[in-house]
Amino acid sequence: MKTSHRRTAVMAGLWSAGLVVVNFIIPCVLGTESTTATGNNLVDFWIVRLGINLLGYATVFVPGAIIINYLRKIKFNETGGHGFLADLLRNFAFGKEQSLPLTHEDNPGKRADAEDSTLRRGLTLLFCVVGLQGSYLTWGVLQEKIMTSEYGRTGNTAGEFFKNSQFLVFINRILAFIIGSVVLSLKSQPTHTTPLYKYSFSSFSNIMSSWCQYEALKFVSFPTQVMAKASKVIPVMLMGKVVSNKKYEYHEYITAVLISVGVSLFLLTSGDVTRHKGSVTTVSGVFLLIGYMVFDSFTSNWQGELFKRYRVSSIQMMTGVNLFSCLLTGVSLIEQGGFFESLAFMSKHPDFIFHAIVLSLCSAGGQLFIFYTIAQFGPVTFTIIMTIRQGLAILLSCVIYGHPVTLIGIMGIFVVFLALFLRIYANQRKRALQQKNKQAGNDSNV
């Protein structure tokens with residue numbers, strides 16, 4: 001082994017060992033998160049838990065960054081040998097080959113061949129909508145139940161709240177990773193060219209957005225949270241300009257604002273929302289919701305960029321992202337003792353086990369639809385579908401439980417579907433005009 005190789009390995013090992021020691025010491029000093037409604041431990045503050053989680057993730061990221069920078073510095077893809085370890089390092093840092101060339105038309109939302117019929121495209125979109133709505137409507141109900149229910153409460157006996165949001169993220173991701181791995185082994189996939197480390201970026205942002213969403217339920221009222229989700233299409237478009245330098249038409253910005261306003265009007269005037277008006281909205285909750293929107297917007301746009309640049313399949317994307325998600329959250333939970341505390345909580349409350357399993361199944365199934373939708377139609381279309389899901393959750397509740405829908409709520413529904421109609425109409429006109437200009441160009445060449 002060369003001296004430079006040995007020096008880099010030692011440096012990465014020292015950083016990893018040092019961070020592991022720090023992560024084992026901190027829980028001993030700060031204690032663990034309280035399971036009561038009002039905990040007074042230092043670790044009960046969300047910003048402290050966030051810092052501890054980030055330290056756990058650094059155990060993986062810092063040594064990984066050192067190794068990747070070194071491999072790129074020595075051009076390991078050209079100078080490295082062969083064998084299992086060498087090929088693994090090459091795939092991790094470089095991928096199998098250069099990314100495919102980009103063209104102006106390379107867009108996740110425009111990947112259908114010209115001969116694909118409008119009917120086939122519409123049925124594919126309908127399949128995505130039904131799958132996403134079914135998975136995440138169920139997931140949303142269970143998410144709120146797990147984070148707000150007092151498990152083990154009987155009569156005058158106080159129960160316990162489950163508060164480890166990171167463990168919920170872990171169990172969701174581990175099942176999704178298993179399902180993705182099984183599908184990869186059973187179904188042929190396109191040649192994988194993506195450097196593996198690039199999945200870690202969307203993995204980290206996905207973990208953080210999920211963590212912020214779970215934590216926000218402890219601090220903000222339901223109307224505040226759904227307003228943030230309903231307005232998410234705007235930061236997704238802004239993040240698209242930052243990540244992929246995308247250009248959007250004026251009608252896309254206008255319809256994004258109309259959709260957010262319409263869904264917010266409906267949610268804020270529905271029966272399910274008004275019953276939570278007494279909930280306390282805090283500055284901490286607002287910061288967590290901002291974090292959720294920022295991280296979630298980055299996740300979908302970064303994945304869209306990988307779909308476009310490397311032509312990965314949705315299953316490859318799902319497996320790669322969840323591989324790093326399991327690694328990051330698993331290491332962090334083990335180092336801080338949260339993994340064993342959560343297992344102890346599960347052993348005491350069997351109903352929590354059922355809720356967690358169903359939550360994970362919905363999350364894994366939903367991820368399949370997420371990656372497929374982003375690959376076929378792009379991140380903005382995906383966000384519109386998920387935004388409408390917020391309104392559907394309240395609408396179903398009003399139909400099933402008889403909650404009244406106000407006139408303003410009906411106006412909100414009208415605004416949403418008007419915006420969707422305008423968006424579809426504008427996109428269809430733009431596509432028809434492009435086809436007409438292309439045909440005119442071909443005729444002139446003849």
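Which residues does glycine 330 touch, not counting residues up to four places away in sequence?

## Glycine 330 and its surroundings

In this predicted model, glycine 330 touches Phe170 and Ser325 once residues up to four places away in sequence are set aside. Glycine 330 belongs to helix 13, which covers residues 314–336. Its relative accessibility is 10%, below the 20% cut-off, and glycine 330 therefore counts as buried.

Glycine 330 can also be related to isoleucine 171. The two residues are separated by 159 residues in sequence, while their C-alpha atoms lie 9.4 Å apart in space. Isoleucine 171 is itself one of the buried residues of helix 6, as is Phe170.

## Helix 6: span and burial

Helix 6 comprises 22 residues, 165–186. At 1.5 Å a residue the expected span is 32 Å, and the end C-alpha atoms are 33 Å apart, so the two values agree.

The buried residues of helix 6 are Ser165, Gln166, Phe167, Leu168, Val169, Phe170, Ile171, Asn172, Arg173, Ala176 and Gly180. The elements that cover these buried residues include helix 2 (46–73), helix 5 (118–148) and helix 7 (199–216). Helix 13, helix 14 (338–348) and helix 15 (350–377) are also among them.

## Packing of helix 5 against helix 15

Two packed helices are described by the angle between their axes and the distance between the axes. For helix 5 and helix 15, the angle is about 150° and the axes are 8 Å apart. An angle over 145 degrees counts as roughly antiparallel, and helix 5 and helix 15 are therefore roughly antiparallel to each other. The crossing of helix 5 past helix 15 is left-handed. Both helices also take part in covering the buried residues of helix 6.

## Serine 313 in the loop before helix 13

Serine 313 lies in the loop that runs between helix 12 (283–310) and helix 13 (314–336). With a relative accessibility of 14%, which is under 20%, serine 313 counts as buried. Leaving out residues up to four places away in sequence, serine 313 touches Gln189, Pro190 and Phe307. Of these contacts, Phe307 falls within helix 12.

## Cysteines and disulfides

A disulfide is a covalent bond between the sulfur atoms of two cysteines. A search of the whole structure finds zero disulfides. Cysteine 212 has a relative accessible area of 5% and is therefore buried. Cysteine 362, at 12% relative accessibility, is likewise counted as buried. Cysteine 212 falls within helix 7 (199–216), and cysteine 362 falls within helix 15 (350–377).

Conventions. Residues are numbered from 1 along each chain as its sequence is written. This is a predicted model: local features need pLDDT of at least 70, side-chain atom pairs count only at pLDDT 80 or more; totals for chains, interfaces and linings use all residues. Side-chain values use heavy atoms; hydrogens and water are left out. A disulfide is a pair of cysteine sulfur atoms within 2.5 Å. Buried means under 20% relative accessible area, exposed over 50%, partly exposed in between (1.4 Å probe, protein chains only). Helices (H or I, at least four residues) and strands (E, at least two) are DSSP runs, numbered from the N terminus. Contact means heavy atoms within 4.5 Å. The expected span of a helix is 1.5 Å times one less than its number of residues. Axes are lines fitted to C-alpha atoms, for helices over the stretch in contact, and angles run from 0 to 180 degrees between N-to-C directions. Angles under 35 degrees count as roughly parallel, over 145 as roughly antiparallel, 65 to 115 as roughly perpendicular and the rest as oblique. A crossing is left-handed if the near helix is turned anticlockwise from the far one by less than a right angle, and right-handed if clockwise.
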